Amino acid sequence: MKLVIPRDVLESCLLGATNTFPSEFLGLLAGFYQKEEAVVEKLYLAPLSQSNEDSVWFDSLNVPISAGVVGTFHSHPNATARPSAQDLRLFSRYGRGHLIAAGPPFTARQTAAFDAHGRRIELVVL
Ligand SMILES: [Zn+2]
């Protein structure tokens, strides 16, 4: 499994993380699957999301089925890019490729990709 993302989409995610700091930022990654790759085309802000320093929530009922969600992006302010137990529940529900950015600063180098089980996968930035 690999997560493939255009640089401008990743930069939008990282900008969201920076602007939301010190709270967490959560977005949905939409795109398609191609063999063992989750190919991201765009970032959706999670509908009705709320956040504080510890966690983020969103209402899954507001995510359109047609959105083509292949994964999630969220930030870990002042933490490492390691999925929490709560993250693993999120990952298992929303696609097969997930990103966590640890920061600040939130950069591509501080961003790690995971599969739906929280295992590290390759991140390809186009
Ligand atoms: Zn997390």
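A residue is called buried if 20 or more other C-beta atoms lie within 10 Å of its own, exposed if 12 or fewer do, and partly exposed in between. With that in hand, let's walk through this predicted model.

Q: Which residues of α1 are buried?
A: A residue of the helix needs 20 or more C-beta neighbours within 10 Å to make the cut. In α1, the residues that pass are Val 9, Leu 10, Cys 13, Leu 14, Gly 16 and Ala 17.

Q: Why do these residues sit on the same side of α1?
A: In an α-helix there are 3.6 residues a turn, so residues three or four places apart point the same way. The buried residues of α1 are Val 9, Leu 10, Cys 13, Leu 14, Gly 16 and Ala 17. They end up on the same side of α1 because, around the axis, they cover an arc of only 150 degrees.

Q: Which residues are exposed on the other side of α1?
A: Exposed means 12 or fewer C-beta neighbours within 10 Å. Across the helix from the buried side of α1, the exposed residues are Arg 7, Asp 8 and Asn 19.

Q: What do the buried residues of α1 pack against?
A: Helix α1 has 14 residues and reaches 20 Å from its first C-alpha to its last, close to the 20 Å expected. Its buried residues pack against strands, namely β1, β2, β3, β6, β7 and β9.

Q: What pattern does the protein follow along the sequence?
A: There are two helices and nine strands to place in order. Reading along the sequence, you get β-α-β-β-β-β-β-α-β-β-β.

Q: In what order do the strands of the closed barrel run?
A: Strands of a sheet pair through backbone hydrogen bonds, either parallel or antiparallel. Here seven strands form a closed barrel with mixed pairing. Neighbouring strands of this sheet are turned by 35 degrees against each other on average, direction ignored. The barrel's order is β1-β3-β2-β6-β7-β8-β9.

Q: Which residue stands opposite Leu 29 in β3?
A: Strand β2 covers residues 26-34 and strand β3 covers residues 37-45. The two pair in the antiparallel sense over eight bridges. Opposite Leu 29, in β3, you'll find Leu 43.

Q: What is the bridge partner of Leu 26 in β6?
A: Strands β2 and β6 pair in the antiparallel sense, over five bridges. In β6, Leu 26 is matched with His 74.

Q: Do β6 and β7 run parallel or antiparallel?
A: Look at one matched pair to find your place: Thr 72 stands opposite His 98 in β7. Seven bridges join β6 to β7, and the two strands run parallel.

Q: How many residues of β6 are buried?
A: Strand β6 is largely enclosed by the rest of the structure. That description rests on the count of buried residues in β6, which is eight of the nine.

Q: Which element supplies the largest share of the largest nonpolar core?
A: In soluble globular proteins, nonpolar side chains tend to be buried together. The largest nonpolar core here has 28 residues, and those with the most contacts inside it include Leu 3, Cys 13 and Ala 101. Elements that each supply at least two residues include β1, α1, β6 and α2. The largest share, five residues, comes from α1.

Q: Is Ala 102 buried or partly exposed?
A: Ala 102 lies in strand β7. Its C-alpha is separated by 4.8 Å from that of His 76, 26 residues apart along the chain. Ala 102 has 19 C-beta neighbours inside 10 Å, while buried takes 20 or more, so Ala 102 counts as partly exposed.

Q: Where is Lys 35, a residue with positive phi?
A: Phi of Lys 35 is near 50 degrees, a positive value in a residue other than glycine. Lys 35 has 7 C-beta neighbours inside 10 Å, so it counts as exposed. Its place is in the loop between β2 and β3.

Q: What kind of peptide bond joins Gly 103 and Pro 104?
A: Pro 104 is in the loop between β7 and β8, and Pro 105 is in the loop between β7 and β8 too. The bond from Pro 104 to Pro 105 is cis, with omega about -5 degrees. For Gly 103 and Pro 104, omega is about 0 degrees, and the bond is cis.

Key
Residues numbered from 1 in each chain as written. Predicted model: local features only at pLDDT ≥ 70, side-chain atom pairs only at ≥ 80, totals over all residues. Pairing = 2+ DSSP bridges. Helix = DSSP H or I, 4+ residues; strand = E, 2+ residues; numbered from the N terminus. Axes fitted to C-alpha atoms, helices over the stretch in contact; angles between N-to-C directions. Core = buried A, V, L, I, M, F, W, Y, C linked by C-beta atoms within 7 Å. Expected span 1.5 Å × (residues − 1). Arc of directions from axis to C-beta. Contact = placed C-beta atoms within 7 Å.
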